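User: I have a structure here and want to go through its pocket and surface. Can we take it step by step?

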Amino acid sequence: AMQGSRYPWLQKFTRVFIRAGFEHFLTFDAKPQQYEDHIIRVAEDRSNGGRIVGVGCAALKTARIHSKMSKVAYIFDLRVDEEYQGCGIGK
């Protein structure tokens, strides 16, 4: 769509931006690695051969709350296998 664009800088920016976006998602730990203090947890069903049934990440980061800088926990990328949803794995 942008081939022959009058804005070659925009075409180059878009190509680089999209490539960087895809590279971010190449590994599951790419997002947590952005934080100095992070953790990744995996839930497995040992009665089912160690099947992975859930995963989640958390990080400590500094955020402004009511005009004051505070350390807060940031929970993200929480996923639970459909068959195990409602069992309390994500609590």
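User: Where is Pro-32 found?

Analyst: A caution to start: this is a predicted model. Pro-32 does not need a long search. Its place is the loop between α1 and β1.

User: Is Pro-32 buried or exposed?

Analyst: Relative accessibility decides this. Buried means under 20%. Pro-32 has 0% relative accessibility, so Pro-32 counts as buried.

User: How far apart in space are Pro-32 and Asp-77, C-alpha to C-alpha?

Analyst: In sequence, 45 residues separate Pro-32 and Asp-77. In space, their C-alpha to C-alpha distance is 9.4 Å.

User: How does Phe-28 count by relative accessibility?

Analyst: Phe-28 also sits in the loop between α1 (8–24) and β1. The class between buried and exposed runs from 20% to 50%. Phe-28 is at 36% relative accessibility, so this residue counts as partly exposed.

User: Which residues form a nonpolar patch on the surface with Phe-28, and what is the accessible area together?

Analyst: Phe-28 is joined there by Ile-40, Val-42 and Ile-52. Together their accessible area is about 350 Å².

User: Which element gives the largest share of the lining of the largest pocket?

Analyst: The largest pocket has a volume of about 190 Å³ and is lined by 16 residues. Elements giving two or more residues to that lining are β1 (37–45), β2 (51–65) and β3 (68–80). The largest share is five residues, and it comes from β2.

User: How many residues of that lining are nonpolar?

Analyst: Nearest the pocket centre lie Arg-41, Val-55, Gly-56, Leu-78 and Ile-89. Across the lining, three residues are polar and three are charged. The nonpolar ones number 10.

Conventions: Residues numbered from 1 in each chain as written. Predicted model: local features only at pLDDT ≥ 70, side-chain atom pairs only at ≥ 80, totals over all residues. Heavy atoms only, no water. 1 Å grid on protein atoms, 1.4 Å probe; cavity = no way out; pocket = protein on both sides within 12 Å on 5 of 7 lines; lining within 4 Å. Points joined across faces, edges and corners; volume = space filled by probe spheres on them. Helix = DSSP H or I, 4+ residues; strand = E, 2+ residues; numbered from the N terminus. Nonpolar A, V, L, I, M, F, W, Y, C, P; charged D, E, K, R; others polar. Patch = residues over 30% accessible without salt bridge, like charges linked within 9 Å, V, L, I, M, F, W, Y side chains within 5 Å. Areas by Shrake-Rupley, 256 points an atom, 1.4 Å probe, with all protein chains shown as cover. Salt bridge = Lys/Arg side-chain N within 4 Å of Asp/Glu carboxyl O. Buried < 20%, exposed > 50% of the residue type's maximum accessible area, 1.4 Å probe, protein only.
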